[in-house]
Amino acid sequence: MDRRAVSAARVLVTDLDGTLLGGDRRERRRLRDALARHPHIKVVFATGRSLASVRELLRDDPLIPIPHWVIADVGASVIDGPRMLHVDALEEQLRKGWPGAEQVRAGLSSFPQLVYQDGVAQEGRCSFHLDPTGLTGALRYAVKDLGCSWTYSSGRFFDVLPVGASKGNALELLRRGMGWARQGVLAVGDSLNDLSMLSTGTHAVVVANAEVALAAAAPAREEVHHSVWEGAAAVLEGMERLGWLDCRSVTVGYHRPPVRWIDGGWRSPCSPNGILPTLRSALADERLDAVWAAAHTGERAPTATAATAAGVSLSLLPLSPDRWAGYFHRACKETLWPALMSQPDLIRDLPEHWSDYERVNVAFARHIASLAAQGGTVWLHDYNLWLVPAVLKSRRPDLAVGLFHHTPFPQPEVFRRIPQAEQLISSLAYLDWAGFHTADSADNFRRLFTSAFRTAPRLGVHPLGIDRQAVAEMAKARLGQRRQGTGGDIQLVLSVERLDYAKAPVRKIQALDTLLTQTPQLREKMSYRLICPPPEPGIAAYDTTREELESAVDHINDRWATPAWQPVDYIPYNLDFPAVVDHYLDADVFWVTSLADGMNLTAQEYVTTHHATHRPGTLVLSRYAGVARHTGSAALLTDPHSEQDLVATLRTALAMPVADRTAHINRLHDLLDLPAPDQWARACITAIHRSRTPEVDAELPVVH
């Protein structure tokens with residue numbers, strides 16, 4: 001046997017009831033999955049249960065890991081876990097001098113306060129129920145006269161044991177026999193009968209739900225940690241603190257995974273752009289040593305960590321559908337999203353669902369803490385995880401924590417309309433770094449902290465580009481088989497956006513109606529195609545927008561349609577990316593009217609598609625889209641708050657000569673030379689990592 005390998009072993013010794021079996025089911029599942037990912041961690045049960053009882057648990061509870069060893073019967077038994085057989089050589093030492101259960105019961109028969117635990121399998125011990133008032137000096141002396149020892153736990157369990165038997169003694173015999181170093185052992189317990197194993201000089205954890213008497217009696221050593229978490233969560237924390245888990249240099253936290261679990265397999269997004277593909281492309285670089293933490297709401301979650309088809313290491317946090325609905329559908333979309341979109345009148349105070357938001361953020365923080373290496377970098381994304389920084393930093397102050405806002409960030413007076421604004425600011429103050437697409441958003445964030453008399457985290461402005469090469473190649477490949485457009489002299493105006501009041505889809509339809517009224521000669525000369533897929537089922541925040549949009553589309557088509565033409569082609573469903581590229585190629589004008597927008601990647605895709613295929617085109621762009629900071633007046637900027645401006649700008653776009661459109665696309669393509677997703681991600685991660693270095697300037701450089 002290689003003694004060096006044995007001495008380097010990592011051994012988790014844990015009580016069962018109240019410890020390994022304690023806490024909510026989600027935390028128990030996380031613990032099981034963590035141990036499954038780290039088979040080198042040897043698991044030892046240390047329990048008052050008997051071998052028969054442990055067997056029943058393993059048979060009936062799928063969340064219990066298979067133990068390597070079992071210390072049973074409060075330390076009177078030692079069992080080989082895989083074979084479920086007693087280790088006679090060790091038990092002989094532990095049970096030396098044991099008079100036998102019958103003699104013990106007879107010797108204590110004069111104590112009526114003792115109630116023998118009938119029906120409970122016991123080996124090498126006698127177990128009784130005992131009220132605390134019954135633990136008298138006379139009883140203690142009677143046990144001693146029998147040549148035995150005793151333990152009392154949970155205010156009711158009185159165990160008479162062989163004089164040399166205890167969980168601590170059994171652990172020491174096993175440890176010495178296996179050659180385990182003390183510093184390689186972690187003992188976790190919740191009751192007084194665990195005190196002996198917490199006192200053997202190993203690392204130890206007292207769980208938050210432990211007996212008060214155990215917490216008071218636990219050795220006052222640096223190696224003994226009193227957790228603020230209960231049961232399984234405390235066991236996980238103990239392993240995290242020792243660095244036992246397979247932690248990564250970079251941990252990405254986003255509420256969604258980069259792939260979807262459908263029909264028993266992982267499915268990747270079709271588009272090469274957007275948050276999910278962007279992060280996936282960055283994390284596929286093995287040199288980054290990164291893991292992606294995301295929620296999973298399916299009824300049958302896959303293994304907690306899985307390598308996706310794109311090579312990303314993924315760690316899933318299981319959430320119930322109800323919890324997800326309260327967190328994402330309600331709190332995120334009805335309380336926070338309106339503020340981000342500078343629509344404070346739409347903010348809803350939902351206390352019953354804000355608690356879901358809090359719980360999910362706490363769960364994410366704990367999950368991320370279990371994945372991040374000591375001194376590692378954590379890269380959070382978006383408003384969905386605004387409460388993570390405070391919880392994460394309280395657990396892991398060693399981490400550099402940054403959060404990138406893919407959305408715009410509102411002015412301070414709008415942010416403060418959020419009912420929980422102070423709670424959110426307090427959490428965001430724990431960030432080391434906050435990133436944004438635009439300087440305006442970064443300045444709004446900074447001013448929020450100034451108005452709150454707090455120091456803002458370090459700030460970075462990192463505008464995101466698209467994978468221009470991938471889009472260009474797709475456009476060229478699709479050109480030869482491109483679907484026919486509207487045909488003839490009809491100009492096609494296109495928008496590609498998700499259903500959201502912030503995209504102002506109804507205002508576009510109303511502006512188009514006004515344009516046809518003012519310029520009736522455009523009838524049958526132009527048409528508008530709106531690709532506008534709905535949000536995921538369950539989100540009610542956009543129901544009014546959908547109803548108003550459908551009504552507006554019906555109205556304009558009823559008013560202006562001819563037998564061979566209608567002004568609006570409304571496509572309310574998702575298309576795969578090649579089909580979207582086909583629509584880009586068809587479009588003479590691309591129309592973006594966001595009331596607020598973090599960056600807007602579809603505008604970049606449209607420009608890249610037309611430039612790669614040498615096709616003329618025109619971009620009508622909301623001045624409130626982040627990408628407008630880079631196009632300037634090279635795009636036809638429009639104000640979606642003004643119907644008159646929407647109408648006038650669209651009219652100008654439709655009248656632009658073909659030669660001007662070609663020059664227009666070429667100029668935009670040059671201006672939109674922004675960092676590709678992988679370059680952008682590396683720059684952000686570097687900025688977070690550097691944010692804790694004192695010599696770094698407070699204002700990180702803008703990445704172009």
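Which residue with a positive phi follows α23? In this predicted model, that residue is histidine 614, and its phi lies near 55°.

The helix just before makes a good place to start. Helix α23 covers residues 601-612. At 1.5 Å a residue, its 12 residues should span 16 Å, and because the C-alpha atoms at its two ends are indeed 16 Å apart, expectation and model agree. Most of α23 is covered, with 11 of its 12 residues buried. Among them are Leu601, Tyr606, Val607, His610 and Ala612, together with Gln604, Glu605 and the threonines Thr602, Thr608 and Thr609. What do the buried residues of α23 pack against? Their partners include the helices α19 (468-479), α22 (577-586) and α26 (658-671), as well as the strands β23 (491-496), β26 (589-592) and β27 (618-622).

A second helix, α27, runs through residues 677-690. Its 14 residues reach 20 Å from the first C-alpha to the last, close to the 20 Å expected at 1.5 Å a residue. Buried positions in α27 include Pro677, Trp680, Cys684, Ile685 and Ile688, and the alanines Ala681, Ala683 and Ala687 are buried too.

Turning to the nonpolar interior, the largest core contains 91 residues. Those with the most contacts inside this core are Tyr357, Trp386, Leu392, Phe415, Ile418, Leu424 and Leu549. Leaving aside residues up to four places away in sequence, isoleucine 418 touches Thr335, Leu336, Ala339, Ile347, Trp386 and Leu424. Separate from this is a second core of 59 residues, which includes Val13, Leu35, Phe45 and Val207.

Terms used:
Residues are numbered from 1 along each chain as its sequence is written. This is a predicted model: local features need pLDDT of at least 70, side-chain atom pairs count only at pLDDT 80 or more; totals for chains, interfaces and linings use all residues. Side-chain values use heavy atoms; hydrogens and water are left out. Helices (H or I, at least four residues) and strands (E, at least two) are DSSP runs, numbered from the N terminus. The expected span of a helix is 1.5 Å times one less than its number of residues. Buried means under 20% relative accessible area, exposed over 50%, partly exposed in between (1.4 Å probe, protein chains only). Contact means heavy atoms within 4.5 Å. A nonpolar core is a set of buried Ala, Val, Leu, Ile, Met, Phe, Trp, Tyr and Cys residues joined through side-chain atoms within 4.5 Å.
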